[in-house]
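Visitor: I would like a close look at one part of this model, the way side chains and helices pack against one another. Could you take me through it slowly, setting each contact beside its neighbours?

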Amino acid sequence: MSGYNFAYLDEQTKRMIRRAILKAVAIPGHQVPFGGREMPLPYGWGTGGIQVTAAILGPSDVLKVIDQGADDTTNAVSIRRFFARTAGIETTTHTADASVIQTRHRIPETPLRADQIIVYQVPLPEPLAKLEQSRAETRQMHALAEYGLMHVKLYEDIARYGHISISYDYPVMVNGRYLMSPSPIPAFDTPKMHRMAALQLFGAGREKRIYAIPPHTDVKPLDFDDHPFRLTRAPQACGLCGARDSYLDEVVMDDRGGRLFVCSDTDYCAGRQSMRQDEDAAA
Amino acid sequence: MAYVAVKGGERAIDAAHDWLARARRGDRSLPEIGTAQIASQLGRAVDRVMAEGSCYDPDLAALAIKQAQGDLIEAAFLLRAYRTTLPRFAHSEPVETDAMLLRRRISAIYKDLPGGQVLGPTYDYTHRLLDFALAAESLEVTPLPLAAASSEDTPRVTALLDQEGLIEPSGVSTEAEPGDLTRDALAFPAERDVRLQSLARGDEGFLLALGYSTQRGYGNNHPFVGEIRVGEVAVELVPPELGFPITIGTITLTECEMVNQFSGSKTEPPQFTRGYGLCFGHSERRAMGMALVDRAMRAEELGENATAPAQDIEFVLSHCDNIEATGFVEHLKLPHYVDFQSELETIRRMRATATAATAATVATETEA
Amino acid sequence: MSEHLLSATGLHLSFGAIWALDGVDATLWPGEILAVVGESGSGKTTLLHVLSGRSAPDAGLVAYRDTEGVAHNVHAMPAPQLRALHRSDWGFVHQNPRDALRMEVSAGGNVGERLMAQGARHYGVIRESAIDWLRQVEISPSRIDDMPHTFSGGMLQRLQIARTLATHPRLVFMDEPTGGLDVSVQARLLDLIRTLVARLGIAVVLVTHDIAVARLLADRILVMRHGRVVEGGLTDQVLDDPQHPYTQLLVSSVLQA
């Protein structure tokens, strides 16, 4: 696109962001402040992820963008178009074909590889924010690794409900040191972060923080020995591809309680459907 | 029953943008509004967009207002997003509001003072009666005869107080490099330079409401308008190859200096304290709100009990930027299927547990 | 004096022209209760804050001997170490329990917080411990999931004590722990503190303006006035035979009351 630099941001800004990313990779799970820029998309719609993606994209990259697991949700379309327009790079909806995957609220079902990077959009990077409003105080809690308060919250959950009731944005310990918000992915996705082969980058635009999980790093959900972390998934199989191992969206079919459960990861679902058709054709 | 996953995001976006463009143009039998008209006739709107967009360019602000159909926050956002792509060539020298070419200058604490009270173009004493004559088009306004500019010096009101030692020193060090909110993330605790930067681009309504709240007892600091001045100041910068300042243009600014009561502390005798407001363009409401909130946020520094929202630095600074605020509030429109699905599963499980427990109790009671 | 748990020498601290601490020495032995008495403005609360590392003195030294017998300069400790000490070996009981308790967290969560901060990760064990501590401070275990705002003033103070003692600290600082409570509630609380502290062998620095509280709880007593210790010694000795005129005045005013 004329009048703009490759991938929108000027090179100085990209260097600033890359420095923040390097620091973030060096201190897994630690929130690194960065001079976040206003982007032509609104705050809260992925500006942090977009800045991180813009800073790491090269001309040979292939970009996939998902929102809620799907490539065709409007915000995913909008961001994918933004980079197609400002960077002129190739885009894809196939997880396996992408070198960079920007995501909001999901991790693809297909395991990621060492030559891929996943960029998470983060609305609220501070996992302690709901328990302690002051960022000056939470900063100190991170510095001293004082995370007892987070366990108090989990204790209260069990005392009240009999189990931990956090179903998404489940707090995790990264590399045994920093408490981290995994962004609002469902708890179902949290185990995928543990020792993932791909580099995981997190961008929070409004709050101007970047953090990272290097490949093969330990990521442990907070829990109790006698109330271990457990994930939540609708018990059904996908109504389109029959998957029982994927995270499902619930689709309201009518006003009489009709429901259909389908994979939230549209690429995964489509892949399984076409495999089925091939098998049917072969049979 | 056939379910097809919702597709067609691309087409929907294109159609939406097309519709938006038509809505923006409005009734085609009417002439299209020009950005020059906006810049010249909707000056206060332009000023607000420049202040909140944090970019002084009346023409671009006018374009943003036109593009945003007059939605000023959206317009400020357009301007801010444009500004972010501009390279930064240099820093200007601090502007000298002492040397302002005054359009308006008033003080509420002295009846008359050197330089005089200059009323200028103000709505303050207009009667708020709809002027139906304005509804008629091509209304001619006879130009005012120009008065010769006064050569009298207009010293600052706070300087008059300072001569008597009645007011704290302005406390602004010109040596230290000020923080840079545009380039660096806001960090707490935040010093006054960064706080003022943040307020200068903060949402006018938010500043107004917070300032108002201090007057109503939520962190009262007994303000007086020491002085408000509106006018043009020269922007100077020092090109490295020249080594001396040159003027690159003039901008309109509104400056408000509040004079506040202060009872003194363990280390300071009783004296007046300061609240400061400065913004692009002509907006006294913004500058005054800013000055009230600036003073309120100094509560802790001055040993006052900081309990009110306007005194909570983290609260104020984290929420005063309307570009951030509108983005995050409106992002709730984005799909949240995945999180909501997790919540559905959790609440079903919890309800099942609760129902089972109730059933068990009922069964036990029935047996008994 | 190698066995001192806590020792302070030459503490000075001024607020403007006023000396809050003007050359204070104090020592504390393991398992002993030391009361610091004086009227408001005498510097006793300042002393408590300086001893516990919450405020720094202008001059002077506070040394704490850890479980290994190693002495630490409290005010030279790095912040993480001092905070860790406050979470584990030490405890602080505030006059107003609301300053210490988390009012939006259940009684059980309040008692369990220090355990979790120390790394306890078994919900059942934490819960057992919370129940045990609620019993020890005479709060019905059935209240374990109730929010503190449903508790009376005396119960809140007992909950604060349970929360503080749950990690078996060696040293507890108490700031007017019975202040603001009714006389009958005070008596029960004092009795409880005396029993628990004796059973657990905890050392206590107790600040109070109330001579009667000091007499009931303390092994030794320091009388403070204008930032100085005017008299010190065994509690019975000081209170039965006060030497300093100020102590005599304090003791006689209690007798008159």
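Guide: The axis of a helix is taken here as a line fitted to the C-alpha atoms over the stretch in contact, and the angle between two axes runs from 0 to 180 degrees between their N-to-C directions. Please keep in mind throughout that this is a predicted model.

With that in hand, consider helix α3 (residues 43-53) and helix α4 (residues 58-67) of chain B, whose axes lie 9 Å apart and pack at an angle of about 100°. Because angles of 65 to 115 degrees count as roughly perpendicular, α3(B) is described as roughly perpendicular to α4(B). On the α3(B) side the contact is made by B:Ala45, B:Val46, B:Val49 and B:Met50, which meet B:Pro58, B:Ala61, B:Ala62 and B:Ile65 in α4(B).

Further along chain B, helix α5 (residues 72-83) and helix α11 (residues 322-330) have axes that come within 10 Å and cross at roughly 110°. This makes α5(B) roughly perpendicular to α11(B), and the crossing of the two is left-handed. From α5(B), the residues B:Ile73, B:Ala76, B:Phe77 and B:Arg80 meet B:Asn322, B:Ile323 and B:Thr326 of α11(B).

Helix α11 of chain B also holds B:Phe328, and this residue leads us to chain A. B:Phe328 has a relative accessible area of 23%, so it is classed as partly exposed. Leaving aside residues up to four places away in sequence, B:Phe328 touches A:Tyr43, A:Gly44, A:Pro123, A:Leu124 and A:Arg206. In the case of A:Arg206, the charged end of the side chain sits over the ring of B:Phe328, 3.6 Å from the ring centre. By contrast, B:Glu137 is 191 residues from B:Phe328 in sequence, and their C-alpha atoms are 41 Å apart in space.

Within chain A there is another arginine to set beside A:Arg206, since A:Arg177 lies over the face of A:Tyr178 at 4.2 Å from the ring centre.

Rings also pair with rings, and over all chains the structure holds 13 aromatic pairs. In one of them, A:Tyr4 and A:Tyr8 are stacked, with 5.5 Å from centre to centre and 25° between the planes. A:Tyr4 is partly exposed at 32% relative accessibility, whereas A:Tyr8, at 6%, is buried. Another pair, A:Tyr170 with A:Phe229, is edge-to-face, at 4.8 Å centre to centre and 80° between the planes. This second pair links distant parts of the chain, since A:Tyr170 lies in the loop between α5 (148-161) and β6 (172-174) of chain A and A:Phe229 in the loop between β10 (219-221) and β11 (248-252) of chain A, 59 residues apart. A:Tyr170 is buried at 2% relative accessibility, and A:Phe229 is likewise buried, at 17%. Returning to A:Tyr4 and A:Tyr8, ring pairs join these two with A:Phe82 and A:Phe83 into a cluster.

A last stop is in chain C, where C:Ala35 is found in strand β3 (residues 33-37). C:Ala35 has a relative accessible area of 0% and is therefore buried. Apart from residues up to four places away in sequence, C:Ala35 touches C:Leu206, C:Ala214, C:Ala218, C:Arg220, C:Ile221 and C:Leu222. One of these, C:Ile221, is 186 residues from C:Ala35 in sequence, although the two C-alpha atoms are 4.7 Å apart in space.

Definitions and conventions:
Residues are numbered from 1 along each chain as its sequence is written. Chains are lettered from A and ligands numbered from 1 in the order in which they are written. This is a predicted model: local features need pLDDT of at least 70, side-chain atom pairs count only at pLDDT 80 or more; totals for chains, interfaces and linings use all residues. Side-chain values use heavy atoms; hydrogens and water are left out. Rings of Phe, Tyr and Trp (its six-membered ring) pair if their centres lie within 6.5 Å; planes under 30 degrees apart count as stacked, over 60 as edge-to-face and the rest as tilted. Buried means under 20% relative accessible area, exposed over 50%, partly exposed in between (1.4 Å probe, protein chains only). Helices (H or I, at least four residues) and strands (E, at least two) are DSSP runs, numbered from the N terminus. A charge sits over a ring if NZ of Lys or CZ of Arg is within 6 Å of the ring centre and within 35 degrees of the ring normal. Angles under 35 degrees count as roughly parallel, over 145 as roughly antiparallel, 65 to 115 as roughly perpendicular and the rest as oblique. A crossing is left-handed if the near helix is turned anticlockwise from the far one by less than a right angle, and right-handed if clockwise. Contact means heavy atoms within 4.5 Å.
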